[in-house]
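Work through the following exercises with the sequence and the structure side by side. Try each task yourself before you read its solution.

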Amino acid sequence: MASAVFPHKPIPCTWIRPGNEKPHFCIVLVGEEHENYGETAICNLNPAQYWIKNLKDDDVVYVTNIHRSKESGKLLCDASPNVFQPLFQGVAEGFREKEHAIQAELPTPKLEIVPDSTPRRIETYLNDPQQIQVFGALADHLSIKHAGHLLLTYAIGCLPRSGKGWTGKEIHAYLTK
């Protein structure tokens with residue numbers, strides 16, 4: 001199985017409350033730019049982002065990798081890096097002079113802020129770079145799942161009408177001829 005790598009787009013969400021007594025979770029309301037708009041999600045925080053757990057109602061938190069857990073069915077996500085967080089200004093110096101001041105829990109007061117260039121990884125059977133590029137362009141506009149659904153629906157619609165009742169072996173023979 002080949003893999004393709006695509007950048008992710010941070011999705012603005014609304015902070016609702018801390019997740020539980022553990023410092024690495026909070027609860028957010030998924031923003032309208034995502035297909036799960038209006039649902040609550042459990043947001044995972046890394047240690048440099050524990051300050052997010054102390055935000056106030058309706059503060060904006062940018063997240064990535066919104067997905068549903070296969071085990072529990074709950075919606076999960078990861079907080080985007082601090083550089084993408086609108087309320088992070090000044091936290092690198094350990095304080096903020098704004099109305100919504102939050103004390104950062106950073107190991108060192110000097111923090112180099114580097115934009116997240118970590119791409120999301122998509123496992124795929126595609127091995128043609130042009131096919132991967134097309135899929136990536138669509139997945140950047142939609143979710144990976146929705147992009148795959150649209151492309152599969154289109155591909156199935158392109159089969160000849162006579163092929164609708166074919167067996168898997170007949171469809172495979174037609175597609176690989």
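Two strands pair if DSSP finds at least two bridges between them, where strands (E, at least two residues) and helices (H or I, at least four residues) are DSSP runs that are numbered from the N terminus. This is a predicted model, in which local features need pLDDT of at least 70, side-chain atom pairs count only at pLDDT 80 or more, and totals for chains, interfaces and linings use all residues. Residues are numbered from 1 along each chain as its sequence is written, and side-chain values use heavy atoms, with hydrogens and water left out.

**Exercise 1. Describe the confidence of the model.**

Begin with pLDDT, which is the predictor's confidence in each residue, from 0 to 100. The protein averages a pLDDT of 76, and 73% of the residues score at least 70. Next, look at residues 91–101, where the pLDDT is below 50 and where the model has 22 contacts (heavy atoms within 4.5 Å) beyond near neighbours in sequence.

**Exercise 2. Work out how the strands of the barrel are paired.**

Strands of a sheet pair through backbone hydrogen bonds, either parallel or antiparallel. Here five strands form a closed barrel in the order 2-3-4-6-5, with mixed pairing.

Step one: strand 4 (residues 40–44) and strand 6 pair in the parallel sense over three bridges, and Cys43 stands opposite Cys77 in strand 6.

Step two: strand 5 (residues 60–68) pairs with strand 6 (residues 75–79) in the antiparallel sense over four bridges. Arg68 has Leu75 of strand 6 as its bridge partner, while Thr64 stands opposite Asp78 in strand 6. The hairpin of strand 5 and strand 6 has six residues between the strands, and in this hairpin Gly73 takes a positive phi near 80°.

Step three: strand 2 (residues 11–18) and strand 5 pair in the antiparallel sense over four bridges, and the bridge partner of Ile11 in strand 5 is Val63.

**Exercise 3. Decide how helix 1 and helix 2 are arranged.**

First take the axes, which are lines fitted to C-alpha atoms over the stretch in contact, with angles running from 0 to 180 degrees between N-to-C directions. The axes of helix 1 (residues 129–141) and helix 2 (residues 144–157) come within 8 Å and cross at roughly 125°. Helix 1 and helix 2 are therefore oblique to each other, since angles under 35 degrees count as roughly parallel, over 145 as roughly antiparallel, 65 to 115 as roughly perpendicular and the rest as oblique.

Finally, list the residues that make the contact: helix 1 contributes Phe135, Leu138 and Ala139, and helix 2 contributes Ile144, Ala147, Gly148, Leu150 and Leu151.
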